[in-house]
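Biologist: Could you take a close look at one part of this model with me? I'd like to go through it slowly, one piece at a time.

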Amino acid sequence: MIWNEDVECLDRDGLKKIQSQRLIDLASYVYDKNPIYKEKFDLLGVKPSDIKSIDDIKKLPFTTKIDLRDSYPFGIFSESIDKVAEIHVSSGTTGNPTVVGYTKDDLHLWSTVMARSLCCAGAEPGDMMQVAYGYGLFTGGLGFHYGGIEMGLTVIPASSGNTRRQLKIMQDFRPRILACTPSYAIYMAEEAKKMGIDTRKSSWEIGIFGAEPWSEQMRKEIEDTWGIIATDVYGLSEIIGPGVCQECTIKQGMHIFSDVFYPEIIDPDTGKDVAEGEDGELVITTLTKRGIPLIRYRTRDIVSITYEKCACGRTSPRISKVKGRTDDMLIIRGINVFPSQIEDVLLGIEGTQPHYQLVITRSDKGLDQIEVLVEVEDRFFSDEIKRLSQLESLIKERLNSTLSIGVTVRLVERGTVERSEGKAKRVVDNRHL
Amino acid sequence: MKITQISIFLENRKGRLSEVIDVLGNSSINVRALTVAETENFGVLRMVVDNPTKAIETLKDNGFVANTTDVIAVEVADEPGALASLLKVIDAGGLNVEYMYGFVERKVDRAMMIFRFDDTHKAADILAASGVKVVGESDIENI
């Protein structure tokens with residue numbers, strides 16, 4: 001079914017009318033309520049009254065992750081904190097994490113876009129859904145939870161981990177829908193085989209997988225192993241969390257709900273639009289959010305877009321899988337990791353930055369692992385093993401708490417980290433995504 | 001009286017130890033005593049050599065992470081019970097041993113023990129006062 005047929009199947013002119021009115025309202029809203037946006041508008045000499053249609057969006061300033069970081073924790077909020085109903089946190093590039101807030105209306109928006117997403121993936125009211133995304137500060141778990149309730153699913157808030165229990169829930173409750181990261185779906189299959197469970201006979205028929213990059217090859221593996229339709233979901237906490245885009249069962253790109261999340265695909269260097277179908281940076285404007293509305297937010301994700309009507313009947317534009325990043329962000333087990341965060345931690349421990357390298361691997365079981373290689377330097381080398389081991393543990397502890405995921409740390413000899421033209425190679429990604 | 005120990009950081013990697021020894025051998029440095037302490041991923045090679053200044057230079061020139069530490073070398077008779085009586089002296093003096101290793105000399109019936117104490121100066125004084133034979137840098141060179 002299509003959750004909101006009136007909007008999701010609306011012709012382009014009709015959609016443009018809605019988008020235009022919403023952008024006009026949004027421009028005045030942020031200009032009046034948020035000093036950061038007022039300053040940004042003033043700097044470009046643009047006033048809310050200059051915005052007369054969605055095409056005028058080009059006159060408006062961009063917003064970046066730096067804007068969020070510099071206004072930590074609540075500076076980028078347009079609504080006062082007492083009007084905010086829920087807060088989520090994701091990783092920042094350095095120092096402070098990224099904080100996002102939802103008013104009660106924003107939570108309703110989230111519920112409805114997630115309801116649209118779930119329907120897109122083939123869910124029907126009355127289905128049961130096992131949510132194996134993490135609950136907590138991460139937006140994955142609660143986003144699916146709210147959407148499921150909104151559209152009339154029976155939601156099992158299993159959260160991530162505890163694989164044996166996940167599999168028991170699947171066998172005993174017989175949920176039709178599984179929502180988790182694609183790597184976790186592969187990991188669960190390995191565990192299921194060990195336990196003698198025939199994965200082909202699982203109750204799951206629909207999988208909604210996201211929060212990390214995955215390939216068509218992984219899709220095939222998941223579909224073959226579990227006997228399900230595997231669909232892709234895209235989102236980022238700054239915009240709303242999951243529910244920004246969702247693949248339908250046709251699997252020809254992810255539908256972006258452009259009546260509320262207006263997409264532009266730009267050349268990251270010039271800021272100008274690229275042609276339809278060309279690769280560029282995805283920029284999103286949240287047309288109706290109230291807590292933390294963002295204007296022309298630079299996602300740093302490289303995608304392409306098509307405005308052609310989909311065979312499923314929806315007219316909402318479709319974006320490709322993320323093809324790359326304009327920065328060096330990595331996604332490990334659904335968590336955003338920036339090499340600069342690791343640099344920060346190392347600087348904090350040793351005063352000067354040693355050479356380091358992140359090596360990312362995907363285990364046979366499908367889980368991503370980060371190993372941080374740190375080159376030992378004369379000034380912190382010791383003849384005592386215990387001091388070196390203490391240093392190793394200290395780096396590990398600090399990294400685990402900064403990155404919110406477990407890493408392994410290995411002290412290595414000088415020269416181990418590959419250098420090309422004198423510049424150290426900071427990231428080695430062996431996942432073959 | 002203390003002597004200089006060379007410590008070298010080594011990854012647990014095949015052939016790494018022989019590379020260190022090769023580098024030193026090529027510079028005509030003689031290794032008198034040697035021990036390796038290791039964890040799962042890395043090890044620290046500790047050694048006493050005839051020419052520590054040249055050894056550290058050579059190692060650094062070859063890109064190794066290495067440093068020097070003051071240790072105390074003590075001569076003991078190569079016979080049962082000799083080390084035990086030395087350790088009693090150390091214990092009685094309230095000294096903390098971080099680690100120790102030993103080697104036997106070829107031509108005479110003596111063994112040499114290398115000690116790393118938490119307080120090298122205090123250890124040297126106590127051992128000397130107890131009549132233990134503490135070996136100096138020049139003795140090491142002449143072994």
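How many residues of domain 1 of chain A are in contact with domain 2 of chain A, and how many residues of domain 2 do they meet?

Modeller: Happy to! Please keep in mind that this is a predicted model. Let me set the scene with the two domains. In chain A, the domain assignment places domain 1 at 69–327 and domain 2 at 335–429. Their C-alpha centres are 30 Å apart. To your question: nine residues of domain 1 of chain A are in contact with 14 residues of domain 2 of chain A. On the domain 1 side, helix H8 (residues 182–194) of chain A gives the largest share, namely four residues. Sorted by class, that side of domain 1 has six polar residues, two nonpolar ones and one charged one.

Since H8(A) supplies that largest share, let's stay with this helix for a moment. Helix packing has a simple description: the angle between the two axes and the distance between them. For H8(A) and helix H9 (residues 216–226) of chain A, the axes come within 10 Å and cross at roughly 40°. Angles of 35 to 65 degrees fall outside the parallel and perpendicular classes, and the two helices H8(A) and H9(A) are therefore oblique to each other. The crossing of H8(A) past H9(A) is left-handed. From H8(A), the contact is made by A:Pro182, A:Ala185, A:Ile186 and A:Ala189, while H9(A) brings A:Met218, A:Glu221, A:Ile222, A:Thr225 and A:Trp226. By class, this helix contact has seven nonpolar residues, one polar residue and one charged residue. So you can set two class counts for chain A side by side: two nonpolar, six polar and one charged on the side of domain 1 that touches domain 2, and seven nonpolar, one polar and one charged where H8(A) meets H9(A).

Domain 1 of chain A has other details to look at. Four strands of chain A form an open sheet in the order E10-E11-E12-E15, with antiparallel pairing. Strand E10 (261–266) and strand E15 (324–325) of chain A are at the edges with a single partner strand each, so one side of each has no neighbour in the sheet. E10(A) is joined to strand E11 (residues 280–286) of chain A by six bridges, and the two run antiparallel. Within that pairing, A:Ile266 stands opposite A:Glu281 in E11(A).

Two backbone details in loops of chain A may also interest you. A cis peptide bond joins A:Tyr72 and A:Pro73, with omega about -5°. A:Pro73 is in the loop between helix H4 (65–70) and strand E1 (84–90) of chain A. A:Ser159 has a phi near 60°, a positive value in a residue other than glycine. You will find A:Ser159 in the loop between strand E4 (154–156) and helix H7 (163–173) of chain A.

Finally, a look at what chain A meets outside itself. The contact between the chains takes 15 residues from chain A and 16 residues from chain B. On the chain A side, helix H11 (385–403) and strand E20 (408–412) are the elements that give two or more residues. That side of chain A has seven charged, six nonpolar and two polar residues.

Terms used:
Residues numbered from 1 in each chain as written. Chains lettered and ligands numbered in written order. Predicted model: local features only at pLDDT ≥ 70, side-chain atom pairs only at ≥ 80, totals over all residues. Domains from an automatic or database assignment. Contact = placed C-beta atoms within 7 Å. Nonpolar A, V, L, I, M, F, W, Y, C, P; charged D, E, K, R; others polar. Axes fitted to C-alpha atoms, helices over the stretch in contact; angles between N-to-C directions. Parallel < 35°, antiparallel > 145°, perpendicular 65-115°, else oblique. Left-handed = near helix turned anticlockwise from the far one by under 90°. Pairing = 2+ DSSP bridges.
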